[in-house]
Amino acid sequence: MTARLLAALLASALLVAGCTSSGDVPDGPEDPSTAPEVTSPSPDAPVSPDVVPEPETGPGSALAAYEELCTLPAPEGGNGTDVPAEGPTDPIVAELMGELEEIRGFGFSRPVVAQPVSQQEIAEGYTDYLETAFPVEFYERRSRAWETIGVISEGTNIRDELFEYGSTQVIGYYDTLTGELKFIGEEDPSPLERVTLAHELTHAIDDQRFGLETIDALGASCRDEELQAALAVVEGNATYFMLQWAQAFLSLEEQLEMAAEATQQSPPPSDIEPFISAIQEWPYTEGLRYITRLERDGGLEAVDGSFRDLPVSTEQIIHPERYPNDVPVPVDVPDLAPALGNGWEDLDVQLVGEMWLRLALALRVDDTTAGSAAAGWDGGIYRAWTNDGEVALVLATVWDTEQEAAEFAEAIRQWIGEGSEDAAVVPGQDAEVHVLFASDEETLTLLEAAAAG
């Protein structure tokens, strides 16, 4: 969690709630959609990220290219079970663990050693993780695709942006593979340091109960849309119970002190790309709304059920009433490299969900328009090709209704008009919308001919 995000959450949720009961954490600033119909899976139901229908898998399909291009390393280990705790649990940490058990509804299965460290140590640990988990070539290719679409500035490297984000913004983390928990703090933590610790300890207790290494597996297999949905559950839950803990176990004076400290320690605005920052923060803010509504309508059983049967799309997070039955429609983009000409080859493939489209649109249109235009999403994917520095990309989407497809097409046309990209919107059959992006006008003309053929 970042200091700036923590300060914002405390201001909008904790202090607004004041001295209300611990069950009255308000929703976030956006007005959520209709309350979900909560289902309660069997307590023994496994985490099941494999229920999403897959697109065409044959030779030349987008999924075949997707699997070939995904070069992220597989996670090793799992939820810290093979990593012995080093040293005794600090009494303050042990006290907080007991308090979290009380409000979370179940206990820790083994001790957690939480280490208070400096910002520099946080940055070093996060950097070591990124060096291992974020391959240079993969993110160079994805950066070129995102730059061609226009969601990041020319010359931006996503990996470099994530390094800067982690080294300057993150104030604590829990490693699901090693069970390592670190947070910025002292031996006698302040209220702000304790609430940060509560967030990370919630990750630890959830990991011991549900096995959060599933999240790492989703990331390693490049399943970005499912990963973001799962992260919303994990980070939203940790944020929810962090606020629950603060309301239950901190006095009003300590809450005010904590909010003031968070504001003072919040780093100045950075030059990290807005789209990348928005994606990093989305699981916390939207996830908090999701978990709040699950708990409100179905209690802790519904929250736990969401861990056992993870949402498979960001649509299900934004619109909880669509969980678990409304799963994405498979979408394919055939291989256009032969039609583009000699030298063209696959550059990148990414499954694109409602969250991604919503945040992308919000870069140039107002939030209300972006949210409305992205709602009704029913599936999406982009596929990009390259040839000697040139890039051609097709974003294919399908919508619940033709009207919603038309609304998205209108919004993306407005979005393109506000930028300088070479792009064109191509309405597809029924409720489909395809958007073509290219690195230059000549390449766009070539792509239009290839797509039409």
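**Exercise 1. A pair within one helix**

Task: In this predicted model, find the salt-bridge partner of R289 and say where the two residues lie.

Solution:
- Step 1. Start at the side chain of R289. Its partner is E286.
- Step 2. Check the distance. The closest N and O atoms are 3.0 Å apart. A salt bridge needs the nitrogen within 4 Å of the carboxyl oxygen, so the pair qualifies.
- Step 3. Place the two residues. Both R289 and E286 belong to helix α11. They are three residues apart, about one turn of the helix.
- Step 4. Look at burial. R289 is buried, and E286 is buried too.

**Exercise 2. A pair between strand and loop**

Task: Work out which parts of the chain the salt bridge of R383 and D335 ties together, and whether each residue is buried or partly exposed.

Solution:
- Step 1. Take the distance. The side chains of R383 and D335 meet at 3.7 Å, N to O.
- Step 2. Locate both ends. R383 sits in strand β5 (residues 377–387), and D335 sits in the loop between α12 (314–318) and α13 (337–340).
- Step 3. Draw the conclusion. These parts are 48 residues apart in sequence, so the pair ties them together.
- Step 4. Classify R383. Its relative accessible area is 2%. Buried means under 20%, so R383 is buried.
- Step 5. Classify D335. Its relative accessibility is 30%. That falls between 20% and 50%, so D335 is partly exposed.

**Exercise 3. A link between two helices**

Task: Trace the salt bridge from R104 to D304 and name the network it belongs to.

Solution:
- Step 1. Find the contact. The R104 and D304 side chains form a salt bridge of 3.0 Å, N to O.
- Step 2. Name the elements. R104 is in helix α3 (residues 91–104), while D304 is in helix α11 (residues 274–308). The pair links distant parts of the chain, 200 residues apart.
- Step 3. Check burial. R104 and D304 are both buried.
- Step 4. Widen the view. A network of salt bridges joins R104, D206 and D304.
- Step 5. Set this in context. The structure has 15 salt bridges in total.

**Exercise 4. The surroundings of W282**

Task: Describe where W282 lies and what it touches.

Solution:
- Step 1. Place the residue. W282 is part of helix α11.
- Step 2. Judge burial. W282 has 5% relative accessibility, so it counts as buried.
- Step 3. List contacts beyond the neighbours within four places in sequence. W282 is in contact with Q228, A232, G287, T314, I317, I318, M355 and L359.
- Step 4. Compare sequence with space for E235. W282 and E235 are 47 residues apart in sequence, and their C-alpha atoms are 9.4 Å apart.

**Exercise 5. Two crossing helices**

Task: Describe how helices α4 and α6 pack.

Solution:
- Step 1. Take the axes. Helix α4 (residues 119–133) and helix α6 (residues 158–168) have axes that come within 8 Å and cross at roughly 155°.
- Step 2. Name the arrangement. Angles over 145 degrees count as roughly antiparallel, so α4 is roughly antiparallel to α6.
- Step 3. Give the hand. The crossing is right-handed.
- Step 4. Find the touching residues. From α4, Q119, A123, Y126, T127, L130 and E131 meet R159, L162, F163, G166 and S167 of α6.

**Exercise 6. The whole protein**

Task: Summarise the protein in numbers.

Solution:
- Step 1. Count the elements. There are 17 helices and eight strands.
- Step 2. Take burial. Of 453 residues, 55% are buried.
- Step 3. Take the surface. About 18600 Å² is exposed, with 48% of it supplied by carbon and sulfur atoms.

Terms used: Residues numbered from 1 in each chain as written. Predicted model: local features only at pLDDT ≥ 70, side-chain atom pairs only at ≥ 80, totals over all residues. Heavy atoms only, no water. Helix = DSSP H or I, 4+ residues; strand = E, 2+ residues; numbered from the N terminus. Buried < 20%, exposed > 50% of the residue type's maximum accessible area, 1.4 Å probe, protein only. Areas by Shrake-Rupley, 256 points an atom, 1.4 Å probe, with all protein chains shown as cover. Contact = heavy atoms within 4.5 Å. Axes fitted to C-alpha atoms, helices over the stretch in contact; angles between N-to-C directions. Parallel < 35°, antiparallel > 145°, perpendicular 65-115°, else oblique. Left-handed = near helix turned anticlockwise from the far one by under 90°.
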